[in-house]
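Reader: I am new to this structure. Could you show me how to read its features, one by one?

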Number of protein chains: 2
Amino acid sequence: MMHNFNAGPSILPREVLQQAAAAVLNFNNTGLSILEFGHRTQEFTAVMEEARQLVKELMQLDADHEVLFLHGGASTQFMQVPMNLLDAKECMAIADTGVWSSKAIKEAKLFGKVDIVCSSKEKNYTYIPKDFAIPNDAKYFHITTNNTIYGTQWQQIPQCSSSLVADMSSDILSRQMDFNRFDLIYAGAQKNMGPAGVNLVVVNKNILGKVKRAIPTIMDYRNHIAEKSMLNTPPVFAVYVSMLTLRWLKAQGGIKAIEKINNAKAALLYQAIDESSLFTGTVAKEDRSKMNVCFVMGNENIEKEFIQYTRALGIAGIKGHRSVGGFRASLYNALPISSVEVLTRAMRDFENGQRA
Amino acid sequence: MMHNFNAGPSILPREVLQQAAAAVLNFNNTGLSILEFGHRTQEFTAVMEEARQLVKELMQLDADHEVLFLHGGASTQFMQVPMNLLDAKECMAIADTGVWSSKAIKEAKLFGKVDIVCSSKEKNYTYIPKDFAIPNDAKYFHITTNNTIYGTQWQQIPQCSSSLVADMSSDILSRQMDFNRFDLIYAGAQKNMGPAGVNLVVVNKNILGKVKRAIPTIMDYRNHIAEKSMLNTPPVFAVYVSMLTLRWLKAQGGIKAIEKINNAKAALLYQAIDESSLFTGTVAKEDRSKMNVCFVMGNENIEKEFIQYTRALGIAGIKGHRSVGGFRASLYNALPISSVEVLTRAMRDFENGQRA
């Protein structure tokens, strides 16, 4: 039994993996693999439609919000979003909360102007900026709702009158939110939704078609909307597994139910950290992420020992990102609370052993 | 037992599917699925490196030719190629041999000038143009080596002094060729190499970095080369399955061996067509594709009957593309000759039944 705390690609529900493996051999009793199945068939079109509908339903999207499954990951969206939304003389506002925001900034600058309205860089991104003003002429305001590397998370949608764009790669479908408040949401699937190789894009269709530049066919969201996310051969298997995960999420009771479990998992781990004299959280308490929990010991040798110690218990993926060090435990939707219990017990046992 | 003649996504070797299904449950005996496995791990880095090395080896590429596995399909490359190679005032030359060439033309026009040096459009793309001249100032000459929809194929690399770029999506790794003659080759994996969702790009690194425009980070081949095709999270599973298929191809004896089998399969089917008085090939004989064999009956009702008849024999995917009609049997690397024998027998039996 493994306990998979990987930051991404990351844990998927066991039953989804079983269904996916079965479909690699025989998809829908067709005698053919999902990997060798035409994407224009009735069977796969139904998969794509179900995946899109499940997102609409789970996120309670209104009729203006379209759902797309596109090739690539967030790194593609860093350029595709400004390419579609930002004219050369226009300005977008952005909160700089880490590496991923910085990449979004870099790409947006190729297409228009960028106003970094706030940043937590000076404290190695260990908090979410609270004090900022968005210029009236900003075309949109971009946030990274959860910062996988540092373990920070916007607890609320920022109060602002501007159009909102969000990279939700690492907390998509993990908590309730008024998703219709956003004009564009993107998320690489490989955290809460599926395997690497597909991008979820939710876009308010009314904001499209307003830039003057010529957009390459494959980069224009409008073309994908018109073709119901089947403009070209989609990443068939990644969409299929995402659909299975969405079905699983619905069966769990949807976002409301999973949020409750996610809250309980995060509370358990943060409590263990706060009660420990060996482990320390790295992030401002009010900005702590419920998806990625970062903590350190302040002693690399003992940290290595702890990694070793947990490996024997089937705990995988808790090594921290090199820019933070220590540990990062990712508590995505599919991670059962029992895995968190194993980790917190290991932390206590290790600490007691250290003391003894 | 199914006989999968799908045009793409299409048949993969049975043993590859079995290995892929097993890895969805337990990758490399790690206890974790390949779908929930970090891409920066030693294990997956080894997969990516093996895939790249196998392509180098199988295609006998020289040291200047780099191998990349990128998100998306050929539709992304239609714009990415000119974005990287063609400056606004420069001109590329292209042979228009069908829908896919036309798409490449449309996207290239967004970046520079396009000289369509020949076209077979006036005969619904049923042949490969022979008579054309490439202007001296052309930055490169683009061909589509195999035209999936119409069933035509360039039998030789065209004689020219210009830099060559090729879309090899539907005949990559199917026949011997001096691949080093090309400065850039791209191919969506979903025909001869793997599942949908990954693109093979082979590029001569010396041609890069010569355009003046700013290229978005994720679109610049140089960044992918520098990061050994791990610039961002790659489409992990699609790369893994491609690697398995490349291993399989090597075990078959490589491209030379598979070409011999592909030739035999195509000869068998074309012979059945030519010997029949019911079925007619749609393509100029000298340009017939060994990957996609197109043929018609000239009577839609009997065509429907034949599809019905073959379905009972486990034959899948032979319905022709709507722009050609009739039938299209795709004979990709993984299709065994026994499947072609089943099809040709069905054609003869059906014809005899019709006569009786």
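Reader: Which residue stands opposite C91(A) in strand 4 of chain A?

Author: Look across the pairing from one strand to the other. In this predicted model, C91(A) faces K113(A) of strand 4. Strand 3 of chain A covers residues 91-96. Six bridges tie strand 3 to strand 4 of chain A, and the two run parallel.

Reader: What packs on the sheet and touches strand 3 and strand 4 of chain A?

Author: Helix 4 of chain A, residues 99-108, does. Helix 4 also touches strand 5 (138-144) and strand 8 (164-167) of chain A. The helix direction makes about 160° with that of strand 3 of chain A.

Reader: What is the strand order in the open sheet of chain A?

Author: Read it from one edge to the other. The seven strands run 2-10-9-8-5-3-4, with mixed pairing.

Reader: Which strands of chain A stand at the edges?

Author: Strand 2 (65-71) and strand 4 (113-119) do. Each has a single partner strand, so one side of each lacks a neighbour in the sheet. On average, neighbouring strands of this sheet are turned by 20° against each other, direction ignored.

Reader: Now to chain B. Is F237(B) buried or exposed?

Author: Count the C-beta atoms around a residue; 20 or more others within 10 Å make it buried. F237(B) has 32, so it is buried. F237(B) belongs to helix 6 of chain B, residues 236-251.

Reader: Leaving aside neighbours within four places in sequence, which residues is F237(B) in contact with?

Author: In chain A, they are P195(A), G197(A) and F237(A). In chain B, they are I34(B) and L35(B).

Key: Residues are numbered from 1 along each chain as its sequence is written. Chains are lettered from A and ligands numbered from 1 in the order in which they are written. This is a predicted model: local features need pLDDT of at least 70, side-chain atom pairs count only at pLDDT 80 or more; totals for chains, interfaces and linings use all residues. Helices (H or I, at least four residues) and strands (E, at least two) are DSSP runs, numbered from the N terminus. A residue is buried if 20 or more other C-beta atoms lie within 10 Å of its own, exposed if 12 or fewer, and partly exposed in between; C-beta atoms are placed from the backbone. Two residues are in contact if their C-beta atoms, placed from the backbone, lie within 7 Å. Two strands pair if DSSP finds at least two bridges between them. Axes are lines fitted to C-alpha atoms, for helices over the stretch in contact, and angles run from 0 to 180 degrees between N-to-C directions.
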